[in-house]
Every structure is written in structure tokens, then in C-alpha cells.
Amino acid sequence: MSDKQITIQEETVSYLLSMIENRLREIGKGYQSNGRSYADDLEITGLRTFARQLGYDFDVMSVASGFAVTRVDFSEAAR
């Protein structure tokens, strides 16, 4: 793990969050619960950590077609 930081321009944050949201949905299409998708679990954790550093988080819920993904303000998600 590194303590390096990068600066992201405010106008690009929404694009990055959309990329994360789309990737979470893609992971959901083939996700298997109960530890059968361990690599996916690690990727989901990393993506959500990245989103939190941008001030947001995602509620990720299983549905028949994969994942339902909702973007939330991190201050609301932390409550």
C-alpha cells in the first residue's frame, strides 16, 4: 500500500464515479456470493475505497440481473 496522492480536477470526478459505477454493475453480472468471487470482492472494496476518497460511496445490492448500484454522498453513507 502506498501513501501517494494524486490530484483530480473537480470536473472529472463525475466521470470517474460513472466508471466505478459501471464497473460495479459489470462485476455484478457474474458475481457469485459466499466467497466464490473473492477476487471480485477485493475489486469491489478497492473501487468503493477510491469512491470514498472522492467523497462518495455506492450502495451495492444483489438483484436478479446482477447488482443494483446507487451513488451516495460519503457523509450520508457514513451515518
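**Exercise 1.** How many helices and how many strands does the secondary structure of the protein come to, and which pattern do they follow along the sequence?

*Solution.* The model worked with here is a predicted one. Counting the elements first, the protein has 3 helices and 2 strands. Reading then along the sequence, these elements are arranged in the pattern α-α-β-β-α.

**Exercise 2.** Describe the protein as a whole, taking its dimensions, its burial, its contacts and its exposed surface in turn.

*Solution.* Along the principal axes, the C-alpha atoms of the protein fill a box of roughly 35 × 25 × 25 Å. Of the 79 residues in the protein, 24% are buried. Among the contacts in the protein with a separation of 6 or more, 44% are accounted for by residues 24 or more positions apart. The exposed surface of the protein comes to about 5,900 Å², of which carbon and sulfur atoms supply 50%.

**Exercise 3.** How many positive and how many negative charges does the protein have, and how many Å apart are their mean positions?

*Solution.* The protein has 9 positive and 12 negative charges, and the mean positions of these two sets lie 4 Å apart.

**Exercise 4.** Is Asp57 buried or exposed, and with which side chains does the side chain of Asp57 make polar contacts?

*Solution.* Begin with the location: Asp57 belongs to strand β1, which covers residues 56–63. Next, Asp57 counts as buried because its relative accessibility is 5%, and the cut-off for burial is under 20%. Finally, consider the partners: the side chain of Asp57 is joined to that of Arg48 by a polar contact of 2.9 Å, and a polar contact of 3.4 Å links the side chain of Asp57 with the side chain of Arg52.

Notes. Residues are numbered from 1 along each chain as its sequence is written. This is a predicted model: local features need pLDDT of at least 70, side-chain atom pairs count only at pLDDT 80 or more; totals for chains, interfaces and linings use all residues. Side-chain values use heavy atoms; hydrogens and water are left out. Helices (H or I, at least four residues) and strands (E, at least two) are DSSP runs, numbered from the N terminus. Buried means under 20% relative accessible area, exposed over 50%, partly exposed in between (1.4 Å probe, protein chains only). Contact means heavy atoms within 4.5 Å. Accessible areas come from the Shrake-Rupley method with a 1.4 Å probe; for residues, only the protein chains shown count as cover. Lys and Arg count as positive and Asp and Glu as negative; His and the chain ends are not counted. The place of a charge is taken as NZ of Lys, CZ of Arg, CG of Asp or CD of Glu. A polar contact is a pair of N or O atoms within 3.5 Å; within protein, one must be able to donate a hydrogen and the other to accept it, and residues adjacent in sequence count only if both atoms are side-chain atoms.
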